[in-house]
Amino acid sequence: MVHRREIDGREVVFGVQGALWGNAMTWWDHDTGSVWSQPIGEAIAGPRKGQRIELLPSSLTTWASWRDAHPNTLALDAAARQGGFALEDMVVVVDFASDAAAYPIADLQRGEIANDVVAGAPIAVLVDPADGEFWRVFSRTLDDRTVTLFRQGDDVLDVETGSVWDPRLGIARTGPLAGEVLDLLPGFTAFPSDFSTFWPDGRIWG
């Protein structure tokens, strides 16, 4: 997950605090020493307790999938061990502060698209039909309408007009809505067992 490190208009430097809270990483900010929970982006101890930082859109995927979608990406080439996370065992979490929901990636990989509403906002969570390792969260709201997305073979269409959408960029490629763009929304991956720890009032879709 990726957060904007800005609080009250000021850039803040964070470091790894070292302890786990709810089986997840914690940070500390260098100017007040407050301790922050990574999954919820909220200070849990110190002078900033209760403050939150903004979650930004990001995606956990394979390097091959990312490079295919973004061929001009520059990346740090550093030795690292093989990761131990299986994407199909995880959920995509959408957290809008007042409401949170989790979407099992295994269901999305089987072809389902989660057309849902979180904190009053219509959203869609989907996996690229051509690449089960690449997921996105989009707003389903355009200027004057809300669309409902579904899979038809390797295509993503909307029920309302039959337009065909790019599952990575959220752009309508063909149909009555060609050229329209769905806003990319923040989401991140987590293990289902950890979801209830941080979002006890949240729900798992499906």
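This passage walks through a predicted model, going from the overall fold to a few individual residues.

Starting with the big picture, the protein has three helices and 19 strands. Its C-alpha trace spans about 55 × 40 × 35 Å along the principal axes. The radius of gyration is 18 Å, and a compact globule of 206 residues would come out near 17 Å, so the two agree. As for how the chain packs, buried residues account for 42% of the 206 residues. Taking contacts between residues at least 6 apart in sequence, 46% of them link residues at least 24 apart.

On the outside, the accessible surface adds up to about 11,000 Å², and carbon and sulfur atoms own 50% of that. Charges come next: there are 16 positive and 30 negative ones, and the mean positions of the two sets sit 4 Å apart.

Zooming in, D95 is a good place to stop. This aspartate belongs to strand β9, which covers residues 91-95. Its relative accessibility is 10%, and since buried means under 20%, D95 goes in the buried class. What does the side chain of D95 pair up with? One polar contact, at 2.8 Å, ties the side chain of D95 to that of R52. Another polar contact, at 3.2 Å, runs from the D95 side chain to the side chain of W199. Once neighbours within four places in sequence are set aside, D95 is in contact with R52, W199 and also A100.

W36 is another buried case. Strand β6, residues 35-37, is where W36 is found. With a relative accessible area of 0%, W36 counts as buried because the cut-off is under 20%. The W36 side chain makes a polar contact of 2.7 Å with the side chain of D29. For a sense of distance across the model, W36 and R145 are 109 residues apart in sequence, and their C-alpha atoms are 38 Å apart in space.

Now for some backbone geometry. Most residues other than glycine have a negative phi. Against that background, D8 stands out with a positive phi near 50°, despite not being a glycine. D8 is in the loop between β2 (6-7) and β3 (10-11). At 71% relative accessibility D8 is exposed, because that label applies over 50%.

A119 has a positive phi too, about 50°, and is likewise not a glycine. This alanine is placed in the loop that connects β11 (114-118) and β12 (121-128). Is A119 buried, exposed or partly exposed? Its relative accessibility is 40%, so A119 counts as partly exposed. Leaving out residues up to four places away in sequence, A119 touches F96, S98 and D99. Along the chain, A119 and D31 are 88 residues apart, and their C-alpha atoms are separated by 33 Å.

Putting the residues side by side, D95 is buried at 10% and W36 is buried at 0%, whereas D8 is exposed at 71% and A119 is partly exposed at 40%. The first pair lies in strands, with D95 in β9 and W36 in β6. The second pair lies in loops, with D8 between β2 and β3 and A119 between β11 and β12.

Key:
Residues are numbered from 1 along each chain as its sequence is written. This is a predicted model: local features need pLDDT of at least 70, side-chain atom pairs count only at pLDDT 80 or more; totals for chains, interfaces and linings use all residues. Side-chain values use heavy atoms; hydrogens and water are left out. Helices (H or I, at least four residues) and strands (E, at least two) are DSSP runs, numbered from the N terminus. The radius of gyration is taken over C-alpha atoms; the globule rule is 2.2 Å times the number of residues to the power 0.38. Buried means under 20% relative accessible area, exposed over 50%, partly exposed in between (1.4 Å probe, protein chains only). Contact means heavy atoms within 4.5 Å. Accessible areas come from the Shrake-Rupley method with a 1.4 Å probe; for residues, only the protein chains shown count as cover. Lys and Arg count as positive and Asp and Glu as negative; His and the chain ends are not counted. The place of a charge is taken as NZ of Lys, CZ of Arg, CG of Asp or CD of Glu. A polar contact is a pair of N or O atoms within 3.5 Å; within protein, one must be able to donate a hydrogen and the other to accept it, and residues adjacent in sequence count only if both atoms are side-chain atoms.
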